[in-house]
Amino acid sequence: MSHEKRRILTGITTSGTPHLGNYVGAIRPAIAASRRADAQSFYFLADYHALIKTGDPARVQQSTLEIAASWLACGLDPDTVHFYRQSDIPEIPELTWFLTCVTAKGLLNRAHAYKAAVDQNAAAGEDADAGITAGLYMYPVLMAADILIFNAHEVPVGRDQIQHIEMARDIGQRFNHLYGGDWFTLPEARIEENVATLPGTDGRKMSKSYDNTIPLWLPAKDLRKAILGIVTDSRAPGEPKDPDTSNIFAIYQAFASAEETAAMRRAFADGIAWGEAKQALFERVDAELAPMRERYEALIAEPERIEKLLLDGARRVREIGTPLLRRLRTAVGIRPLDELHGNATGAILRDRASSVASVPPHLKSYRDADGRFHFKFTDGDGTVLLESGGFVSPRDAGQYASRLVDAGDDAEAARNLVGDTSAIAVAHPDLERVLAALARLKADKLAREHAKK
């Protein structure tokens, strides 16, 4: 599978409240990466994954709202990236089952999270699988479906997540092999070597597990109080302090410019008081967060606005995922019965998305009175979806029509072809209807080709 731009996919689990460590280590660099001109970026709220980590429904819902508002407040632009909620894409759980049926149990037995849970049970003298859910065990397959449904090229991860990308590659490759096609792009892990890891208030890595986080959107007064509570050593004012072992300096450096960092390093050598250093840290962090905090508060107060954005994001990515899922259904044998024995033009052809009987869309080529060659694309009810301009030769017209059909399972490519005014003279105003019809035409073509094998 090939695309004009590299597809980069990032998942965000909705099981907690964002903190400073999330912002510095994940949100800020990911949003910077979303502005790459050569990339098509996908960011999704992994609420299915959250169910493995928490059994509190209210927490999952609230976390989804807080995380969506956080990323938007920090500058993620839903008009230039794909931003959606995992549970709004029904193709993902369906693909998860397809992939489950080709995934070796031995591969899942080797997953780090599962092995760690088994080892913990063994150390406690429990049964190996005590307390381990099938959700935890199948987690890698769901993650593979998240990635493969959009044929992502890259998945930015830390080193502890590399195995999941390797497993997605293994699963996708096995499906390609078993069903004899280039169905999936095999993703690559993009290792984030320079991701900042912030210390928490107790000096350990900032983590919900340690209960040492500083929530990202605390009001200024509470943010200052939290920073004043960061653990320091007993060195008095005037005594030189080592910035390289200081929690205060580590957090300051993650927010400050090179010049500010150098100045703070000199202040540490000169014996800055801890209270003064904490105040400087608060002022620097608050200066960066204050404008975004205002946007966050406005967003969190309008959940219906965020819901609309997520649903629109889901609609857009389903234009990519739905045609692929149709092809995969054909590949595994879940096909309309009137396609049996290669008969794809029977009296009843079904729209697989709605199961409503309909006439398939149709492409017709013709020569107009001007001597030029044209094609017309109509829906099953006769509605004209596209009319081409005039081509000098029938070969040119036919090649462009074929390109449209072949792009039916790639919404981005199809959209570009439909929007080419040098070739398309008339396009139906409902672009989604045009893309859906092209997707169906491609699915029908593949079904016929597959039936002949």
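**Sheet.** I looked up the strand order in this predicted model and found an open sheet of four strands, E8-E9-E10-E11, with antiparallel pairing. I then checked the edges: strand E8 (362-367) and strand E11 (424-427) each have a single partner strand, so one side of each is left without a neighbour in the sheet. I noted an average twist of 15° from one strand to the next.

**E8 and E9.** I followed the pairing of E8 with strand E9 (residues 373-378), which is antiparallel and runs over six bridges. For Tyr366 I looked up the bridge partner in E9, and that is His374.

**Helix on the sheet.** I asked which helix lies across E8, E9, E10 and E11. Helix H14 (residues 394-406) does, and its angle to E9 is about 25°. I recorded strand E10 as 384-388.

**Cavities.** I turned to enclosed space in the whole structure, where the search gives two cavities of 30 Å³ or more. I took the second largest cavity, which holds about 30 Å³ of space. I listed its lining as Ala111, Ala113, Tyr114, Leu136, Tyr139, Pro140 and His164. Helix H6 (112-123) and helix H7 (134-148) are the elements that give two or more residues to this lining. I asked which element gives the most to the lining; H7 does, with three residues. I sorted the lining of the second largest cavity by class and got six nonpolar residues, one polar and no charged ones.

Technical notes
Residues numbered from 1 in each chain as written. Predicted model: local features only at pLDDT ≥ 70, side-chain atom pairs only at ≥ 80, totals over all residues. Heavy atoms only, no water. Pairing = 2+ DSSP bridges. Axes fitted to C-alpha atoms, helices over the stretch in contact; angles between N-to-C directions. Contact = heavy atoms within 4.5 Å. 1 Å grid on protein atoms, 1.4 Å probe; cavity = no way out; pocket = protein on both sides within 12 Å on 5 of 7 lines; lining within 4 Å. Points joined across faces, edges and corners; volume = space filled by probe spheres on them. Nonpolar A, V, L, I, M, F, W, Y, C, P; charged D, E, K, R; others polar.
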